[in-house]
Amino acid sequence: MLLATLLVMWATTQPQAENDYWLLSRIGQSIWIHQSIPSTLLFPYTEARDFHYNAHEWLPALLFFAFNRLFEQATLGFLLGILGVFLFAALSFTAYRRSGNSLSLSLGLGLLAMLGQNYRHFLRPELFTLFFLLAYLVSLEQLIKKLSTINILMPIGLAALWANTHGSFILTLPLALIYTIDRMQYYGKCEASSQNIPNRLNLYAAFWLTLPLLVFMASLCTPFGIELWKFSLGFSHDSLAKKEIVEWMSLLDIRSYSVVGIYPGLAFFAINLAIVIIYRRKLSLRVIGTSMLFLALAAWGNRFLVYQGIIFCWVASLLFGAGTNTGNWKSEYKRLLILFVATAIGLLFCYKFGNMNAASPFNARSNVLFSHGISAALQDQTIKGNVFNSYDLGGELIYRGYPRLKPSIDSRIDSYGDQYYFWHESLLDEPYKFQAFISRWNVQYLLLTRPDFDRWQKMPLTVKNLCNLVATDHLIFFHQCRATAEP
């Protein structure tokens, strides 16, 4: 168990390199100071500053702001590792209970689930949804076992908390519906076969029929009410997300397979699909429905592969638990020994090659992570003005430099919208449009990722000569510009 924990800690600890974290931390600071959630984008210097801001992650924003008050930047990676250990412990304990107390199976499934989600293990609100999903499924199972006040309040309370954390809260409703249909099927079979059924069958059935409504009403307990549902459902069909943002691409799009570390999730996708097909007569309706829901999500957008390892852990612990909990301690010792050897090999590979993102506790290997040189340049108090920046760099630019330095865009693509995003992207391909932009908005600096810098390098000398390199780590390029009259 100790070796497994060490493996998880190593694999999930890495320097903070997620740009959304910095952006949300600054938003959390604004919420804390002004005691209100911003309704506009605020930070950009263009007309986009007045665009409506969909603040569906306002609660994590406050939490990230607190993290930055409590921890140094160098320790944020270890905080990420601690969250990884907590998730592993929660998964393993749940698998242990569902498998009939099989230690070897529960530890193995916990490790496999962490392998499947490792490629998206970052300090971002999505990480909390993994905890919410597991807790929500456990709470629904507890409701089946016993209809008590605390058990009724758990899924309802989780739905409300989830709705204030991340847009994926909409999963609470279909999951509640799946469990309701499962219970209706069960009660129908009991009544048809005249088995001994609870005397309060009608009361139980009435509760399960109202559970989806209760969960839906709980999800409205946010500062945004029904508007949050409209946003979450609308963004899931956003044309830009499907065409330009890799994590929203379907598994039918070959570009999805460029995502580093995605392949364990793909393997679990195939395994979960095989389990549903092969064991469909043995599995309950709620297990099949839950599996199919997340299979459909993963097929639609590759970012949802992050759930596949957790769903495999949830299903396999119940399906295969009886076969590993036979009371034969010799067999259990053998399985634990095999798990020990596999974990040791995994730890050696992780030490040598890094985690699923090729990262280690001291090297994030990210092309959007600000190096010490870039951070120092941005934090120079004499540097002030508007910045034309790459989409991926806006969040940390805001954190490091705002209000001295203002961005042209940041990663809130759902609020900027298709038109602004495409227009902003086109500037690096059209010299006259770019020159007109920096003149109109008095742009003083450029902050570009390597791919955007390569695009900028193709511009005519008359445009490139307007800017001088200030700092670079060969992944991020910071230039100072001389704005000119609009051509």
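What follows is a short conversation about how some residues in this predicted model get their labels.

Reader: Let's start with Ser390. Why is Ser390 called buried?

Author: Its relative accessible area is 3%, and buried means under 20%, so Ser390 falls in that class. Ser390 sits in the loop between strand S1 (385-389) and helix H18 (394-401).

Reader: What makes the pairing of Ser390 with Asp452 a polar contact?

Author: The two side chains come to 2.6 Å, and the cut-off for such a pair of N or O atoms is within 3.5 Å. Asp452 is also among the residues that Ser390 touches, together with Ile409, Leu447, Leu448 and Thr449, leaving aside residues up to four places away in sequence.

Reader: And Asp452 itself, why does that residue count as buried?

Author: Asp452 has 10% relative accessibility, and the limit is under 20%, so buried is the right word for Asp452.

Reader: How do you know that Arg455 and Asp452 form a salt bridge?

Author: Their side chains meet at 3.1 Å, N to O, and the rule asks for within 4 Å. Both residues belong to helix H21 (residues 450-457), three residues apart, or about one turn of the helix.

Reader: What makes Glu141 and Arg286 a salt bridge?

Author: The closest N and O atoms of Glu141 and Arg286 are 2.8 Å apart, again within 4 Å. This pair links distant parts of the chain, with Glu141 in helix H6 and Arg286 in helix H13 (residues 285-300), 145 residues apart. Glu141 and Arg286 also join Asp182 and Arg183 in a network of salt bridges.

Reader: Why are charged residues such as Glu141 and Arg286 called buried?

Author: The label rests on accessible area: Glu141 has 11% and Arg286 has 14%. Buried means under 20%, so the word applies to Glu141 and to Arg286.

Reader: Glu430 and Lys433 form a salt bridge too. Why is Glu430 called partly exposed?

Author: Glu430 has a relative accessible area of 36%. Partly exposed lies between buried, under 20%, and exposed, over 50%, so Glu430 belongs there. Lys433, at 29%, counts as partly exposed as well.

Reader: Finally, what makes Leu337 exposed?

Author: Leu337 reaches 53%, and exposed means over 50%, so Leu337 qualifies. Leu337 is part of helix H16 (residues 329-353). With Phe340, Val341, Ile345, Phe349 and Phe353, Leu337 forms a nonpolar patch on the surface, with about 630 Å² of accessible area together.

Note on methods: Residues are numbered from 1 along each chain as its sequence is written. This is a predicted model: local features need pLDDT of at least 70, side-chain atom pairs count only at pLDDT 80 or more; totals for chains, interfaces and linings use all residues. Side-chain values use heavy atoms; hydrogens and water are left out. Helices (H or I, at least four residues) and strands (E, at least two) are DSSP runs, numbered from the N terminus. Buried means under 20% relative accessible area, exposed over 50%, partly exposed in between (1.4 Å probe, protein chains only). A polar contact is a pair of N or O atoms within 3.5 Å; within protein, one must be able to donate a hydrogen and the other to accept it, and residues adjacent in sequence count only if both atoms are side-chain atoms. Contact means heavy atoms within 4.5 Å. Patches are made of residues with over 30% relative accessible area and no salt bridge: like charges are joined within 9 Å, nonpolar side chains (Val, Leu, Ile, Met, Phe, Trp, Tyr) within 5 Å. Accessible areas come from the Shrake-Rupley method with a 1.4 Å probe; for residues, only the protein chains shown count as cover.
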